[in-house]
Amino acid sequence: MKKLFISVAALLLTVCTFAQTSGITGDCTWQLTGTGSNLTLTITGTGEMANYYGYGDVPWSSSQTIIKTLVISEGVTSIGSGAFAWCSGLTSVTIPNSVTSIGSAAFYDCSGLTSVTIPNSVTSIGNDAFAWCSGLTSVTIPNSVTSIGGGAFSYCSGLTSVTIPNSVTSIGSFAFYGCSGLTSVTIPNSVTSIEEWAF
């Protein structure tokens, strides 16, 4: 009888987890809308998102691989570490001008992303932020960015060219490592340090 009770409790917990479509992330709230594999994840609020540190750690983990569109509303000031890692179905991202930092591994292994426009408000791109985004063909890095973290765009094999703005002073180790499609890189005079294996 005890085993049966534990099994039923575990089943109910699983159902509740899979049914969750909204909640809190740091100072912000999140909501999933849509059906099937055409889901939209919307982050709203004023302030920072929470940081996450492993596969399945995010509150929307049950839908992680079938989220197609991500909308981050004006007012959100940071994209948390690991927040959208392994969202392999993600094809579209809207980042508002209120965001000042993109956390480590924020979009790690989002292989469906083809392009990202980072707004002029962002000053730092964290370690491994877009690592293994193999479908990424173009990235616009604004003049506000001063540091590109280690491994930030590593193994983005679809990238063909990168123009780094005059605001950047340092490029972290392995930042563009494994970008096998890269044929053109423009680095400004403002860069004073390029760490090991950056390219």
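**Entry 1: strand partners**

I looked up S124 and found that its bridge partner in β12 is S147. The two strands concerned, β10 (residues 124-125) and β12, pair in the parallel sense over 2 bridges. I note here that the model is predicted.

I then turned to β4, which pairs with strand β6 (residues 76-79), again in the parallel sense and over 2 bridges. There, G47 has V76 in β6 as its bridge partner. On the next step, I saw that β6 is joined to strand β8 (residues 101-102) by 2 bridges, and that these strands run parallel. S78 has S101 in β8 as its bridge partner.

For my own reference, strands of a sheet pair through backbone hydrogen bonds, either parallel or antiparallel.

**Entry 2: the sheet**

In what order do the strands of the open sheet stand? I read the order as β4-β6-β8-β10-β12-β14-β16, with 7 strands and parallel pairing. I then asked which strands stand at the edges. They are β4 (47-48) and β16; each has a single partner strand, so one side of each is left without a neighbour in the sheet.

**Entry 3: aromatic rings**

I next searched for ring pairs and recorded 13 aromatic pairs. One of them, F153 with F176, is stacked, at 5.4 Å centre to centre and with 10 degrees between the planes. It counts as stacked because the planes are under 30 degrees apart.

Where in the chain do F153 and F176 lie? I found F153 in the loop between β12 (147-148) and β13 (161-163), while F176 is in the loop between β14 (170-171) and β15 (184-186). The two residues are 23 residues apart, and the pair links distant parts of the chain.

I also checked whether these rings are buried or exposed. F153 has 1% relative accessibility and therefore counts as buried. F176 is buried as well, with a relative accessible area of 2%.

Ring pairs link F153 and F176 into a cluster with W30, Y52, W60, F84, F107, F130 and F199.

**Entry 4: F199 and the surface**

I followed the cluster to F199, which is found in the segment after β16 (193-194). At 41% relative accessibility, F199 counts as partly exposed, because this class lies between the limits of 20% and 50%.

Which residues make the nonpolar surface patch? I listed V185, I187, I194 and F199, and noted an area of about 320 Å² for the patch. F199 thus appears twice in my notes, in the ring cluster and in this patch.

Conventions. Residues numbered from 1 in each chain as written. Predicted model: local features only at pLDDT ≥ 70, side-chain atom pairs only at ≥ 80, totals over all residues. Heavy atoms only, no water. Phe/Tyr/Trp six-rings, centres within 6.5 Å; stacked < 30°, edge-to-face > 60°. Helix = DSSP H or I, 4+ residues; strand = E, 2+ residues; numbered from the N terminus. Buried < 20%, exposed > 50% of the residue type's maximum accessible area, 1.4 Å probe, protein only. Patch = residues over 30% accessible without salt bridge, like charges linked within 9 Å, V, L, I, M, F, W, Y side chains within 5 Å. Areas by Shrake-Rupley, 256 points an atom, 1.4 Å probe, with all protein chains shown as cover. Salt bridge = Lys/Arg side-chain N within 4 Å of Asp/Glu carboxyl O. Pairing = 2+ DSSP bridges.
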